Amino acid sequence: QVQLVESGGGLVQAGGSLRLSCAASGSFFRIDDMGWYRQAPGKQRELVATITSAGSTNYVDSVKGRFTISRDNAKNTVYLQMNSLKPEDTAVYYCNANVRSNIFISHNYWGQGTQVTVSS
């Protein structure tokens, strides 16, 4: 069984910064793509950023230039550095990962979510 545990959310003023972390634990062969999603009240969950095991990244347009996704493969951890935060970034942020139990089988996992609130 694999668990994704997020940390780092909180309340920050507009223009401030936060760093989210998500650590994977359990028994597995390898972690492939990892990513961050967010869901604001009354809205659908949306992709924020993804990163492959090789380090290639992808961002939604609204966070480009402000957010940076990174990972530490040795620690099975993905990070999201969020700078120049805006009130519209307020949401519950979820970690996501594609985890291989062996070379043939992959499962998708979600973290429990961490609240990010940006005040104006």
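Arg38 is buried, with a relative accessible area of 6%; buried here means under 20% relative accessible area, exposed means over 50%, and partly exposed covers what lies in between (1.4 Å probe, protein chains only). The model is a predicted one, in which local features need pLDDT of at least 70 and side-chain atom pairs count only at pLDDT 80 or more, while totals for chains, interfaces and linings use all residues. Residues are numbered from 1 along each chain as its sequence is written, and side-chain values use heavy atoms, with hydrogens and water left out.

**Salt bridges**

Let us stay with Arg38 for a moment. Its side chain meets that of Glu46 in a salt bridge, at 2.6 Å from N to O. The term stands for a side-chain nitrogen of Lys or Arg within 4 Å of a carboxyl oxygen of Asp or Glu, and by this rule the structure has 6 salt bridges. Glu46 is partly exposed at 32% relative accessibility.

Three of the bridges are set out here, including the one just described.

| Acidic partner | Basic partner | N to O distance |
|---|---|---|
| Asp32 | Arg30 | 2.9 Å |
| Glu46 | Arg38 | 2.6 Å |
| Asp89 | Arg66 | 2.7 Å |

The bridge between Asp89 and Arg66 ties together parts that are 23 residues apart in sequence, because Asp89 lies in the loop between β8 and β9 and Arg66 in the loop between β6 (57-59) and β7. Asp89 is buried, with a relative accessible area of 1%, and Arg66 is buried as well, at 10%. Through salt bridges that share partners, Arg38, Glu46, Arg66 and Asp89 are joined into one network.

As for the bridge between Asp32 and Arg30, Asp32 counts as buried at 13% relative accessibility, whereas Arg30 is partly exposed at 38%.

**The chain as a whole**

What does the fold consist of? The chain has 0 helices and 11 strands, where helices (H or I, at least four residues) and strands (E, at least two) are DSSP runs numbered from the N terminus. The radius of gyration is 14 Å, close to the 14 Å that the globule rule gives for 120 residues, so the chain is as compact as a globular protein of that length. For that comparison, the radius is taken over C-alpha atoms, and the rule is 2.2 Å times the number of residues to the power 0.38. Along the principal axes, the C-alpha atoms fill a box of roughly 45 × 25 × 25 Å.

Buried residues make up 38% of the 120 residues. Among contacts with a separation of 6 or more, 54% come from residues 24 or more positions apart, a contact being heavy atoms within 4.5 Å. The chain exposes about 6400 Å², and carbon and sulfur atoms supply 48% of that area; the areas come from the Shrake-Rupley method with a 1.4 Å probe, and for residues only the protein chains shown count as cover.

**Aromatic rings**

A pair of aromatic rings is described by the distance of the centres and the angle of the planes. Rings of Phe, Tyr and Trp (its six-membered ring) pair if their centres lie within 6.5 Å; planes under 30 degrees apart count as stacked, over 60 as edge-to-face and the rest as tilted. The structure holds 2 such pairs.

Tyr37 and Trp110 are edge-to-face, 4.9 Å centre to centre with 65° between the planes. Tyr37 lies in strand β4 and Trp110 in strand β10 (residues 106-110), so the pair ties together parts that are 73 residues apart in sequence. Tyr37 is partly exposed at 22%, and Trp110 is partly exposed at 38%. Trp110 also pairs with Tyr94: their ring centres are 6.4 Å apart and the planes stand at 85°, so this pair is edge-to-face. It links Tyr94 in strand β9 with Trp110 in strand β10, 16 residues apart. Tyr94 is buried, with a relative accessible area of 15%. Ring pairs thus link Tyr37, Tyr94 and Trp110 into a cluster.

**Loops and surface**

Most residues other than glycine have a negative phi. Asn76, in the loop between β7 (67-72) and β8 (77-82), has a positive phi of about 55°. Ser84, in the loop between β8 and β9 (91-100), also has a positive phi, near 50°.

Where is Phe29 placed? Phe29 sits in the loop between β3 (18-26) and β4 (30-39) and is partly exposed at 47%. With Ile103, Phe104 and Ile105, Phe29 forms a nonpolar surface patch with about 480 Å² of accessible area together. Patches are made of residues with over 30% relative accessible area and no salt bridge: like charges are joined within 9 Å, nonpolar side chains (Val, Leu, Ile, Met, Phe, Trp, Tyr) within 5 Å.
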